[in-house]
Amino acid sequence: MLIGAHVDPTDPVAEATARAADAVQFFLADPQGWKAPQPRADAEQLRTAGVDVYVHAPYVVNVATGNNRIRIPSRKLLLAHAKAAAAIGAKGLVVHGGHVNAGDDPATGFDNWRKALAYAQEAGGFGLPVLIENTAGGDNACARRLDSLARLWDAIGDHEVGFCLDTCHAHAGGEELLGLVDRVKAITGRIDLVHANNSKDAFGSGRDRHDNLHGGTIDPELLVTVIRAAGAPVIVETPGGTTGQSDDIAFLRAQLGAETSV
């Protein structure tokens with residue numbers, strides 16, 4: 001099982017080495033901005049370093065919304081990030097499930113997701129798996145609760161998309177972690193990546209605040225149980241920089257019996 005971390009994008013390979021990480025995840029552009037990613041000078045190094053690479057799409061991307069001034073640019077930005085991620089050999093592009101505005105029919109959000117995937121397909125495809133991530137908050141979110149996730153997958157399941165399970169988001173979003181993997185797989189048929197994070201906040205809080213695996217409100221052993229059941233590569237998005245993330249990776253590796261490939 002590959003275990004890695006979300007790192008600063010300046011030199012991801014060095015960040016992986018510093019953490020003894022098998023994988024890295026990073027942003028290709030400002031996560032709060034709308035600028036398209038630029039080609040990376042270290043693209044060849046990233047493709048050949050022996051470290052699995054994942055890219056996280058900007059937080060501003062929301063292809064579900066009915067607001068055309070956000071939805072249309074989101075489609076274009078998602079596709080741009082996918083192609084840039086493919087160019088550096090990334091294994092997947094993680095993107096949040098998005099939401100509709102208060103008062104809007106949730107069905108429009110699922111339909112807008114279908115249209116976004118059709119738009120990408122007509123433009124030649126993403127070039128790598130797009131992994132939709134569950135989110136922690138919002139009553140109008142498309143991928144917070146499993147009932148909404150099921151409706152989303154009914155709309156887009158015939159497209160080639162994957163799923164990223166975030167443990168903090170599930171806990172804060174009000175989904176019990178015990179047995180969660182089986183419930184998710186009954187909907188999506190797959191879990192392609194796990195974001196292994198503890199939560200600073202209580203169950204069902206709707207707040208997205210990550211903590212280290214031995215901090216927060218989730219029993220670390222329960223996190224290990226979820227990760228083991230998922231059987232997918234793991235990225236910690238935890239605080240504490242190199243030291244904090246190294247400790248989290250070492251803990252998971254010891255619990256899961258995984259060996260580093262770095």
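Helices here are DSSP runs of H or I with at least four residues, strands are runs of E with at least two, and both are numbered from the N terminus. Counted that way, the protein has nine helices and ten strands. Please keep in mind that this is a predicted model.

Overall size comes next. The radius of gyration is 17 Å, and the globule rule gives 18 Å for 262 residues, so the protein is as compact as a globular protein of that length. Along the principal axes, the C-alpha atoms fill a box of roughly 45 × 40 × 30 Å. Of the 262 residues, 55% are buried. If we take contacts between residues at least 6 apart in sequence, 75% of them join residues at least 24 apart. The protein exposes about 10,800 Å², with carbon and sulfur atoms supplying 49% of that area.

Now the fold. Eight strands close into a barrel, with parallel pairing, in the order β1-β2-β3-β4-β5-β6-β7-β10. On average, neighbouring strands of this sheet are turned by 30° against each other, direction ignored. Helix α9, residues 241-256, packs on the sheet and touches β1 and β10. The direction of α9 makes about 160° with that of β1.

I will use one strand, β5, as the way in. Which strands pair with it? On one hand there is β4, residues 92-96, which pairs with β5 in the parallel sense over four bridges. Within that pairing, L93 has V130 of β5 as its bridge partner. To get from β4 to β5, the chain passes through helix α4, residues 106-122, and this β-α-β crossover is right-handed.

On the other hand there is β6, residues 161-166, also parallel to β5 and also joined to it over four bridges. Here L131 has G162 in β6 as its bridge partner. The connection is again a β-α-β unit: β5, helix α5 (residues 146-156) and β6 make it, and it is right-handed.

Are the two faces of β5 covered or open? Both are covered. V130 and I132 lie on one side, L131 and E133 on the other, and all four are buried. Note that E133 is among them.

Last, helix α5. Which of its residues are buried? They are L146, S148, L149, L152, W153, A155 and I156. An α-helix has 3.6 residues a turn, so residues three or four places apart point the same way. As for what covers the buried residues of α5, the list includes α4, β5, β6 and α7, the last being residues 180-188. Two of those elements, β5 and β6, are the strands that α5 joins in the right-handed unit.

Notes:
Residues are numbered from 1 along each chain as its sequence is written. This is a predicted model: local features need pLDDT of at least 70, side-chain atom pairs count only at pLDDT 80 or more; totals for chains, interfaces and linings use all residues. Side-chain values use heavy atoms; hydrogens and water are left out. Buried means under 20% relative accessible area, exposed over 50%, partly exposed in between (1.4 Å probe, protein chains only). Two strands pair if DSSP finds at least two bridges between them. A crossover is right-handed if, with the strands pointing away from the viewer, the path from the first strand over the helix to the second runs clockwise. Contact means heavy atoms within 4.5 Å. The radius of gyration is taken over C-alpha atoms; the globule rule is 2.2 Å times the number of residues to the power 0.38. Accessible areas come from the Shrake-Rupley method with a 1.4 Å probe; for residues, only the protein chains shown count as cover. Axes are lines fitted to C-alpha atoms, for helices over the stretch in contact, and angles run from 0 to 180 degrees between N-to-C directions.
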